[in-house]
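Welcome, and please open the model in your viewer. We will go from one selection to the next, with a short note on what to look for at each stop.

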Amino acid sequence: MIQGSNILGYERPLVIRISFATCIAVTVCLPLLGLITCISISSLFHFEDATGTHCQVSNYLPSISASISLSPECHIWRFCIGLHSAPRLLVAFTYFRFYKSRFAARSLESTLSCFNLAFSISENLGLLLLTYVSSTETYFVHKEGFVLFIVSSLIYMLITCRLWRTIKKYSLSPEDAKSHYWKVRFLLLNVCFCAFAGFFYWKHNIYCESGSYTFFALFEYLVVFSNMAFHLTAVWDFKSREVVVISNFEDKDF
């Protein structure tokens, strides 16, 4: 919603109001749509390049790293990730302020909220690193960015579930209980998908079995989708909040 008018020659401030839930949904949907687009283009137009590995066995799905390293897929992915990064940091700091006000009298939870912010930023940095340094450019840096993203996201989700367990304990809101319920489920799914992805990646590299890399790619998708679903639960946490942008007009004499 946009507000602003001219009364008796005086400009009122321009006020733009956006539902915070809408902001969160758009932030999550940007990488989701970008990823689906990149995988689709790679599968349709760059299938051999996207599914080929050192084992030279049949594979049927491109990994995320392979999909986002080709052109034009890499440009689409970088655009979506770059565009979603600033709102994601806004969400991270909003959570931090929310936890600090909620746990002002609880030292353990207050300390955990600081770690929560640190790992949220670290997760975002890892995502940016693996995005802008592709596996075909500098594999070591890309791999370290991927590891940073996965480790930071798992610790972030774990701390978040711990904080929301305390919130649910002292809250009467059904939204808080629902948020905690789904956060825990998405965390457990994410851990399981990470384990399966790691297993099939190891199996592919050790035994070079046909189809192992395909299962790795599939569970890699599910790791990312469950991560996105976890972040989307913020819609329930900030359902009544708004992002407000105010622009003040200054008088100019000529």
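**Stop 1: the largest pocket.** Start by selecting Ser65, Tyr139, Tyr201, Tyr213 and Phe216, which lie nearest the centre of the largest pocket among the 28 residues of its lining. Keep in mind as you go that this is a predicted model. The pocket you are looking at has a volume of about 690 Å³. Now colour the helices α2 (47-51), α3, α6, α7 (174-207) and α8, each of which supplies at least two residues of the lining of this largest pocket. Colouring by residue class instead will show 13 nonpolar, twelve polar and three charged residues in that lining.

**Stop 2: the second largest pocket.** Next, select Phe20, Leu90, Phe93, Thr94, Arg97, Phe98, Ser101, Arg241, Glu242 and Val243, the residues that line the second largest pocket. Two elements, α4 and β5 (242-247), give two or more residues to this lining. Which element gives the most to it? That is α4, with six residues. The volume here is about 190 Å³, and the lining is made up of five nonpolar, two polar and three charged residues.

**Stop 3: the cavity.** From the open pockets, turn to enclosed space. How many cavities of 30 Å³ or more does a search of the whole structure find? The search finds one, and the volume of this largest cavity is about 370 Å³. To find its centre, select His84, Arg88, Leu127, Asn227 and His231, the closest to that point of the 29 residues in the lining. Then show α1 (20-45), α3 (64-67), α4 (73-102), α5 (107-132), α6 (139-170) and α8 (212-232), the elements that give two or more residues each to the cavity lining. Helix α4 turns up again, as it provides the largest share of the lining of the largest cavity, seven residues. By class, the cavity lining divides into 18 nonpolar, eight polar and three charged residues.

**Stop 4: a patch on the surface.** Switch to a surface view and select Phe146, Val147, Val151 and Ile155, which make a nonpolar surface patch of about 270 Å². Pick out Val147, found in helix α6. Its relative accessible area is 41%, so Val147 counts as partly exposed.

**Stop 5: salt bridges.** A search of the whole structure finds nine salt bridges, and three of them make good selections. Begin with Glu209 and Lys203, whose closest N and O atoms are 3.3 Å apart. Lys203 sits in helix α7. Both partners are partly exposed, Glu209 at 34% relative accessibility and Lys203 at 21%. For a sense of distance, draw a line from Lys203 to Leu172: they are 31 residues apart in sequence, and their C-alpha atoms are 47 Å apart in space.

Stay on α7 for Glu175 and Lys178, which lie three residues apart, about one turn of the helix. Their side chains meet in a salt bridge of 3.9 Å, N to O. Glu175 is partly exposed at 23%, and Lys178 is partly exposed at 32%.

Finish with Arg106 and Glu109, joined by a salt bridge of 3.2 Å, N to O. Is Glu109 buried or exposed? Glu109 is buried, because its relative accessible area is 3%, whereas Arg106 is partly exposed at 33%. Add Arg162 to the selection to see a network in which salt bridges that share partners join Arg106, Glu109 and Arg162.

Technical notes:
Residues numbered from 1 in each chain as written. Predicted model: local features only at pLDDT ≥ 70, side-chain atom pairs only at ≥ 80, totals over all residues. Heavy atoms only, no water. 1 Å grid on protein atoms, 1.4 Å probe; cavity = no way out; pocket = protein on both sides within 12 Å on 5 of 7 lines; lining within 4 Å. Points joined across faces, edges and corners; volume = space filled by probe spheres on them. Helix = DSSP H or I, 4+ residues; strand = E, 2+ residues; numbered from the N terminus. Nonpolar A, V, L, I, M, F, W, Y, C, P; charged D, E, K, R; others polar. Patch = residues over 30% accessible without salt bridge, like charges linked within 9 Å, V, L, I, M, F, W, Y side chains within 5 Å. Areas by Shrake-Rupley, 256 points an atom, 1.4 Å probe, with all protein chains shown as cover. Salt bridge = Lys/Arg side-chain N within 4 Å of Asp/Glu carboxyl O. Buried < 20%, exposed > 50% of the residue type's maximum accessible area, 1.4 Å probe, protein only.
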